[in-house]
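Work through the exercises below with the model open beside you. Try each task before you read its solution.

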Amino acid sequence: MTAFSASDHAHMAHALQLAARGLHTTSPNPRVGCVLVRDGQVVGEGWHERAGEPHAEVHALRQAGEAARGATAYVTLEPCSHYGRTPPCAEALVKAGVARVIAAMQDPNPLVAGKGLSLLQSQGIAVASGLMSSEARELNVGFVSRMERNRPWVRAKVAASLDGRTALENGVSQWITSPAARRDGQQWRARACAILTGMGTVLADNPKLNVRDFDIGRQPLRVVVDSKLRTPVDAAIVDGGVLIVCADDTLPQADILRKAGVELLCLPNDNGSVDLPALMIELAKLGTNELHLEAGPTLTGEMLRLRLIDEFLLYLAPTLLGSSARGMFDIPALTAMDQRMDLEIVEVRNVGPDIRIRARPR
């Protein structure tokens, strides 16, 4: 196993900070940073800013120029070895004459998967990987999920009272949490490739489900689960384009929605509802790395029941709504304690007057 020095860790941490600058913009590509170091000095750095534009290594090499010769490249993801929308970064590193490449992790993309490092090694460049790999995987948790599981990383956002209620008994839900919590939620929307909601939320709240507080140069794909095609043609979410997933696209409303610019995807299951596991596969095919689930208790509960949620983003407001108010998850009643879903709490943070909890199924 390769022994990494303190300076190796410092330079890779720098590369990871650079990669995080592309948090909201690289979709569907991974977030990648690169630092070039020669004689202990940083001579070039860069990060992948947007899909279709130069990768992190190219930015760093351009900045370094001739100083890249004999340098060590710290890259948060194995350099690519195939032609996509841009030429292979591994070949660019060879051409620049770098002496050593340290990657935080191998690329989970089957098109790369070790081939980039092998190409570098075959050209006499010293290579190593595994430095700060857990941090690198976390930064690209959605990309890794799509490559390794053929489905996006699903993050369910729920805003609730301290007693776990998301709306009054009559359905009124705006607003339980503070403006600070809602702005924080916009940041999580902004990093997602797609936002998923259900028919109940569309009818009750008429949301746009777009990114408003941050200019990221794109909008996530908006997806509505609507088995019976009850989405009104004048719904706010229709404006600007939406993917509606149904169980029957021969209904009269189908043609009305198509004429309004709606894209329909028919994925029925045996119960006449939308096949949610199949939807995850289809969204992965569309390049969805992180899927932001922002729905009511019915869809969120069904996603939970099917074990399709990878992470919970819970905003709890310091208020109580009582037992008659609506809960977070509509799931069948449990009859034994061993049926419960245990979570690992990843992070707890104050956001304005509210608490944000990030948790993942164990």
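**Exercise 1. Find which residues of helix 11 (residues 297-305) are buried, and what they pack against.**

Solution. The model is predicted.
- Step 1: apply the cut-off, under 20% relative accessible area for a buried residue. In helix 11, Leu299, Thr300, Gly301, Met303 and Leu304 are buried.
- Step 2: list the partners. The strands packed against these buried residues are strand 6 (153-161), strand 8 (194-198), strand 9 (221-225), strand 12 (290-293) and strand 13 (311-317). Helix 10 (276-285) packs against them too.
- Step 3: look just past the helix end. Arg307 there has a positive phi of about 60°.

**Exercise 2. Describe the largest nonpolar core and the contacts of Leu120.**

Solution. Start from a general tendency: in soluble globular proteins, nonpolar side chains tend to be buried together.
- Step 1: size the core. The largest one has 40 residues. Met12, Leu36, Leu61, Leu93, Val98, Val101 and Leu120 have the most contacts inside it. Helix 1 (residues 6-19) gives the largest share of this core, five residues.
- Step 2: take Leu120. Set aside its neighbours within four places in sequence. Leu120 is then in contact with Pro79, Ala90, Leu93, Val94, Val101, Ile125 and Val127.
- Step 3: check for another core. A second, separate one has 30 residues, including Val158, Ala160, Val223 and Leu299.

**Exercise 3. Characterise the contact between domain 1 and domain 2.**

Solution.
- Step 1: set the bounds. The domain assignment gives 6-140 for domain 1 and 150-361 for domain 2. Their C-alpha centres lie 35 Å apart.
- Step 2: count the residues. Domain 1 puts 10 residues into the contact, and domain 2 puts in 12 residues.
- Step 3: take the area. About 840 Å² is buried between the two domains, with 39% of it from carbon and sulfur atoms. On the domain 1 side, His24, Ser27 and Glu138 supply 55% of the area buried against domain 2, more than any other three residues.
- Step 4: count the polar links. Three salt bridges run between domain 1 and domain 2. Six residue pairs are in polar contact there, both residues at pLDDT 80 or more.

**Exercise 4. Which residue forms a salt bridge with Arg31, with Asp310 and with Arg189? Are these residues buried or partly exposed?**

Solution. Side chains of opposite charge can pair when their charged atoms come close.
- Arg31: the partner is Glu290, with the closest N and O atoms 2.8 Å apart. Arg31 sits in the loop between helix 1 and strand 1 (33-38), and Glu290 in strand 12, 259 residues apart. Arg31 counts as buried because its relative accessibility is 7%. Glu290, at 2%, is buried as well.
- Asp310: the partner is Arg149, at 3.0 Å between the closest N and O atoms. Asp310 is in the loop between helix 11 and strand 13, and Arg149 is in helix 6 (residues 141-149), so the bridge ties together parts 161 residues apart in sequence. Asp310 is buried at 8%, whereas Arg149 is partly exposed at 35%.
- Arg189: the partner is Glu294, at 2.9 Å between the closest N and O atoms. Arg189 is buried at 8%, and Glu294 is buried at 15%.

**Exercise 5. Place Glu138 among the salt bridges.**

Solution.
- Step 1: find its partner. Glu138 meets Arg360 in a salt bridge of 2.4 Å, N to O.
- Step 2: widen the view. A network of salt bridges links residues including Arg31, Glu138, Glu290 and Arg360.

Conventions: Residues are numbered from 1 along each chain as its sequence is written. This is a predicted model: local features need pLDDT of at least 70, side-chain atom pairs count only at pLDDT 80 or more; totals for chains, interfaces and linings use all residues. Side-chain values use heavy atoms; hydrogens and water are left out. A nonpolar core is a set of buried Ala, Val, Leu, Ile, Met, Phe, Trp, Tyr and Cys residues joined through side-chain atoms within 4.5 Å. Buried means under 20% relative accessible area, exposed over 50%, partly exposed in between (1.4 Å probe, protein chains only). Helices (H or I, at least four residues) and strands (E, at least two) are DSSP runs, numbered from the N terminus. Contact means heavy atoms within 4.5 Å. Domain bounds come from an automatic or database domain assignment. Buried area is the accessible area (1.4 Å probe) that two parts lose on being put together, summed over both. A salt bridge is a side-chain nitrogen of Lys or Arg within 4 Å of a carboxyl oxygen of Asp or Glu. A polar contact is a pair of N or O atoms within 3.5 Å; within protein, one must be able to donate a hydrogen and the other to accept it, and residues adjacent in sequence count only if both atoms are side-chain atoms.
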